[in-house]
Amino acid sequence: MEDKIKVIIYGLGVIGGNIAKAILEKKGIEITGVIDIDPQKVGKDMGEILGLPEKTGVIVSNNSKEVFENSSAIAVIHTTSSYLPQVFEQIKECIEARRNVISTCEELSFPYKRHTELADKIDTLARNYGVTVVGTGINPGYLMDTLPLVLTAPCLDVKSIKVTRMMNSAKRRIPFQKKVGTGLTPEEFRKCIEEKRITGHVGLLESINMIASGLGWELDETKELPPEPVIAEKEIETPLCKVEPGKVLGLKSIAFAKMNGKEVISLNFIAHAGVEEEYDEIIIEGNPNIHQKILGGVHGDIGTVAVTINTIPKVINASPGLFTMKDLPVPSATPMDMRVYIKK
Ligand SMILES: NC(=O)c1ccc[n+]([C@@H]2O[C@H](COP(=O)([O-])OP(=O)(O)OC[C@H]3O[C@@H](n4cnc5c(N)ncnc54)[C@H](OP(=O)(O)O)[C@@H]3O)[C@@H](O)[C@H]2O)c1
């Protein structure tokens with residue numbers, strides 16, 4: 001009988017690296033393989049890449065086939081990219097190697113609308129190979145979809161849901177600060193967004209569609225507006241760069257959905273340097289009305305690492321197929337010793 005949950009990390013970037021570090025702190029869970037294509041990382045011990053004082057004995061490999069052959073891991077923690085068409089082959093490969101997949105790919109969090117065909121393919125593959133696949137993270141995956149849905153549980157009727165995430169991007173990882181445009185001129189920002197050189201936040205429509213699916217709503221319109229830059233009025237120092245007045249501090253992204261001609265879901269994602277009051281707020285108009293505000297907001301990177309790790313037991317014990325966070329048992333933290341989840 002296995003006495004540890006064994007996992008492979010697929011993508012040892014900032015998020016994958018922080019997930020690896022957090023897993024190394026836990027008991028009853030072990031990393032038995034790491035896949036990454038970055039030439040700076042390949043061939044090196046994972047401990048060296050993570051800046052740990054000791055080697056871990058796990059060498060980063062760009063040969064995924066070999067990693068799957070040499071590891072008895074039950075699940076893959078997948079953290080390479082945001083877009084499903086880009087990661088489809090990676091997910092497929094994990095499924096064909098009969099491993100469960102917990103991915104931070106935003107478009108996998110609710111892929112049925114934007115990528116209907118790919119979602120069907122993943123679901124069929126997962127069922128055929130007897131594994132479970134889920135896309136998760138702090139957002140999409142939790143704050144703007146799963147959490148609002150859970151909050152509707154005591155409502156007899158829900159008329160509308162508005163979620164606002166207000167965060168100081170300067171407290172987030174460098175790749176995040178880059179993708180919200182920190183330090184660019186407004187013209188560069190618009191060009192970079194247009195040419196997809198920076199992504200802004202990915203996943204607002206996935207969150208909207210997950211909420212609608214959870215509530216059984218048939219939407220007649222969903223729309224995500226192009227992200228708007230937030231401009232500095234005074235100089236602000238960030239871990240990425242010094243942002244001069246007139247340059248971009250970050251962005252504001254809005255998406256909404258209508259049903260029977262009326263706006264029923266609206267999501268406001270605001271992430272820029274210099275935000276003084278951080279919060280996550282959910283306003284549900286219904287019977288009863290519900291107003292929840294998380295003061296200080298949830299730290300996005302810590303939150304993503306935690307949600308991803310905490311989803312591992314839900315996934316390895318789920319039935320085969322493609323799932324979203326609303327289909328798994330209620331999300332929750334896990335104890336330091338993960339052995340409690342190993343089925344005897
Ligand atoms: N759902 C959520 O709430 C949430 C939250 C945080 C992050 N995310 C997403 O999670 C992903 C990872 O974030 P991050 O900040 O850690 O990004 P990152 O630092 O760029 O890390 C990605 C890593 O994966 C590697 N990689 C790329 N393609 C690969 C492939 N085909 N095979 C193996 N390795 C590959 C990259 O190598 P190279 O650098 O050489 O390309 C890099 O080392 C991003 O898409 C991010 O948007 C989602």
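Here are three short exercises, with worked solutions, on the two domains and the ligand of this predicted model.

**Exercise 1: the two domains**

Work out which residues make up domain 1 and domain 2, and what distance separates their centres.

*Solution.* Start with the domain assignment. Domain 1 comprises 5-136 + 302-341, while domain 2 covers 146-297. Next, take the centres over C-alpha atoms: they are 25 Å apart. Finally, look at who takes part in the contact: domain 1 contributes 14 residues, and domain 2 contributes 14 residues.

**Exercise 2: the interface**

Describe the interface of domain 1 and domain 2 by its buried area, the residues that supply it on the domain 1 side, and its salt bridges.

*Solution.* Let's begin with a general point: interface size is often expressed as the accessible area lost when the parts come together. Here, domain 1 and domain 2 bury about 1300 Å² between them, and carbon and sulfur atoms account for 66% of it. Now turn to the domain 1 side. Of the area that domain 1 buries against domain 2, 38% is supplied by F110, R114 and K326, more than by any other three residues.

Then go through the polar features. Two salt bridges cross the interface of domain 1 and domain 2, and two residue pairs across this interface are in polar contact. Sorting by class, you will find six nonpolar, three polar and five charged residues on the side of domain 1 that touches domain 2.

To try the salt-bridge rule yourself, take K179 and E106. Their closest N and O atoms are 3.6 Å apart; the cut-off is 4 Å, so the pair qualifies as a salt bridge.

**Exercise 3: the ligand**

Find how many residues surround the ligand, which backbone atoms lie by its oxygen and nitrogen atoms, and what share of its accessible area the protein covers.

*Solution.* First, count the surroundings: 26 residues, with I15, D36, T104, E106 and R173 the closest. Second, check the backbone. For I15, a backbone N or O atom is 2.7 Å from a ligand oxygen atom. For T136, a polar backbone atom lies 3.1 Å from a nitrogen atom of the ligand. For P140, a backbone N or O atom is 3.2 Å from a ligand nitrogen atom. Last comes the cover: on its own the ligand has 920 Å² of accessible area, and the protein covers 79% of that.

Key:
Residues are numbered from 1 along each chain as its sequence is written. This is a predicted model: local features need pLDDT of at least 70, side-chain atom pairs count only at pLDDT 80 or more; totals for chains, interfaces and linings use all residues. Side-chain values use heavy atoms; hydrogens and water are left out. Domain bounds come from an automatic or database domain assignment. Contact means heavy atoms within 4.5 Å. Buried area is the accessible area (1.4 Å probe) that two parts lose on being put together, summed over both. A salt bridge is a side-chain nitrogen of Lys or Arg within 4 Å of a carboxyl oxygen of Asp or Glu. A polar contact is a pair of N or O atoms within 3.5 Å; within protein, one must be able to donate a hydrogen and the other to accept it, and residues adjacent in sequence count only if both atoms are side-chain atoms. Ala, Val, Leu, Ile, Met, Phe, Trp, Tyr, Cys and Pro count as nonpolar, Asp, Glu, Lys and Arg as charged, and the others, Gly among them, as polar. A residue is near a molecule or strand if one of its heavy atoms lies within 4 Å of it. Accessible areas come from the Shrake-Rupley method with a 1.4 Å probe; for residues, only the protein chains shown count as cover.
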